[in-house]
Amino acid sequence: MALLNYNHLRYFWAVAHEGNLTKAAQQLNVSQSALSVQIQKLEAQLGHPLFERVGRQLLLTEAGRIALEHADSIMASGDDLLETLSGQGAARQVLRVGALATLSRNFQLGFLQPAILREDVEIIIRSGALRDLFEQLEALRIDVLLSNMAPPRGDRSGWVAHPIDEQPVSLIGHRDRLGHDTARDPEALIRQHPVILPARDSGIRTAFDALAGRMNLQPRIAAEVDDMAMIRLLTRANAGLAVVPPIVVRDELETGLLIEAAELPLLRERFYAITPSRRFPNPLVRELVERAMPEKGASGSSANAKNKAATG
C-alpha cells in the first residue's frame, strides 16, 4: 500500500481552510495549477473527490470533511511536537481530555476549572465509551482520561491511574416525594420508593445490589440508566429516588428542588485521572492532577470537601 504524501495533505489542508485555490496558492507560495495537481494526486490516492465546485467556491465533499478532520489532527500534532521538544511551549496551551460519557458533568467541570479559567489554555473534551477512550489515550490523541473506573488489573499498557476523589453515594429524590421529613432510614426508603439506578456495569450499581442483598431487599426499579445526566432528569421528573453521588445533582440540591434523603452506607464512587506513561507529558495534566488529589493522609471527607469547594 502506498504511503500517504504529507505534502499533498498539507496542500489540501490549506485549500480546505481557505476555500479558495488562489488564496491557498498565495499562502503556500506555489502556482494555482501546481496546487490543483497536488490535490488531484491526493484524491487519486484516497479514491474519493475531496472538493466540489459551486460557483467560485470549493466545498468539501463528505470524504473531504473526513480528510480535513484527520488533517487538522495531524497538523496540530506536528505543531505540538515542535513546541514540546523545543521546550518553548505555545502561546496557547492545548489540553486534550477524554471523559467517560456517563461521568458527572459537575465533576468534570470541577476537575477542569483551573484550566478553564486560564486565557492561555484551550481545552478539547471528547466523551465516549471507556474502550474507545483508552484507544485514544494509547494513540496520544488525548492527554488524560477522566473515569470512575480504574484500568483492569491485567492491563499492561502502562496506564497510570491517579485516584483524585471519592464521593459518597446517596438516595436523592424530588421535594414533592420526600416532603419536609428529614429523619429517613435508607432501608425504609428503598422499601417505600422506586429507585433510579446506574447500569449494571457501573461500580455504584454493583455496590448497591450488594447492599440490597445484605438488607434482604428487592428494590422496585423505576429505571436503569447509563448516563448520569439522564438520571438527573428522571429524578427532576420525580420518577423515583436516584442512587447517585450528590455532586451529580448539586445545583438542584442547592435550589431545594431535590433533597438528599439518606447517604447509603459503604457506597462510594471513586474518580480517576488516567494518564499514559510519557516522556514528555502535558504539564497542564500534572497541575490539575496534583490539585485534585487529596492530601496524603487526608480522609475521604476532606477530599470530598476539597472537590465541593472546587465545584461550588
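In what order do the 8 strands of the open sheet lie, and what is the sense of their pairing? In this predicted model, the strands are arranged in the order S4-S3-S5-S10-S6-S9-S7-S8, and the pairing is mixed. Strand S4 (121-128) and strand S8 (221-225) form the edges of the sheet, each of them pairing on one side only. Averaged over neighbouring strands and with direction ignored, the turn of one strand against the next is 20°.

At the S4 edge, strand S3 (residues 93-100) runs parallel to S4 and is joined to it by 8 bridges; in this pairing, Gln-93 has Val-121 of S4 as its bridge partner. Helix H5 (residues 105-116) packs on the sheet, where it touches S3, S4, strand S5 (144-147), strand S6 (160-174) and strand S10 (258-275), and the direction of H5 makes about 160° with that of S4. A further helix, H9 (residues 203-214), lies across S6, strand S7 (195-198), S8, strand S9 (241-244) and S10, and runs at about 140° to S10. Strands S6 and S10 are thus touched by H5 and are also among the strands that H9 lies across.

Strand S6 has antiparallel partners in S10 and S9. With S10 it forms 13 bridges in the antiparallel sense, and His-162 is bridged to Ala-273 of S10. The pairing of S6 with S9 is likewise antiparallel and extends over 3 bridges, with Val-244 of S9 serving as the bridge partner of Ser-170. Of the 15 residues of S6, 11 are buried, so the strand is largely enclosed by the rest of the structure.

The packing of helices was examined next, beginning with helix H1 (residues 6-18) and helix H3 (residues 32-46), which pack at an angle of about 110° with their axes 9 Å apart. This angle makes H1 roughly perpendicular to H3, and H1 passes H3 in a left-handed crossing. On the H1 side the contact is made by His-8, Leu-9, Tyr-11, Phe-12 and Val-15, and on the H3 side by Leu-35, Gln-38, Ile-39, Lys-41 and Leu-42. By residue type, the contact of H1 with H3 comprises 7 nonpolar, 2 polar and 1 charged.

Helix H1 also packs against H2, at an angle of about 130° and with the two axes 8 Å apart, an arrangement that makes H1 oblique to H2. The crossing of H1 and H2 is right-handed. Tyr-11, Ala-14, Val-15 and Glu-18 of H1 meet Leu-21, Lys-23, Ala-24, Gln-27 and Leu-28 of H2 in this contact, whose residues divide into 6 nonpolar, 1 polar and 2 charged. Tyr-11 and Val-15 of H1 therefore take part both in the contact with H3 and in the contact with H2, as the cut-off for contact is heavy atoms within 4.5 Å.

Two residues were noted for their backbone geometry. Most residues other than glycine have a negative phi. Asn-29, although not a glycine, has a positive phi of about 60°; its place is in the loop between helix H2 (21-28) and H3, and with a relative accessibility of 71% it counts as exposed. Leu-266, also not a glycine, has a positive phi of about 70°. This leucine is found in strand S10, and at 77% relative accessibility Leu-266 counts as exposed.

Technical notes. Residues are numbered from 1 along each chain as its sequence is written. This is a predicted model: local features need pLDDT of at least 70, side-chain atom pairs count only at pLDDT 80 or more; totals for chains, interfaces and linings use all residues. Side-chain values use heavy atoms; hydrogens and water are left out. Axes are lines fitted to C-alpha atoms, for helices over the stretch in contact, and angles run from 0 to 180 degrees between N-to-C directions. Helices (H or I, at least four residues) and strands (E, at least two) are DSSP runs, numbered from the N terminus. Angles under 35 degrees count as roughly parallel, over 145 as roughly antiparallel, 65 to 115 as roughly perpendicular and the rest as oblique. A crossing is left-handed if the near helix is turned anticlockwise from the far one by less than a right angle, and right-handed if clockwise. Ala, Val, Leu, Ile, Met, Phe, Trp, Tyr, Cys and Pro count as nonpolar, Asp, Glu, Lys and Arg as charged, and the others, Gly among them, as polar. Two strands pair if DSSP finds at least two bridges between them. Buried means under 20% relative accessible area, exposed over 50%, partly exposed in between (1.4 Å probe, protein chains only).
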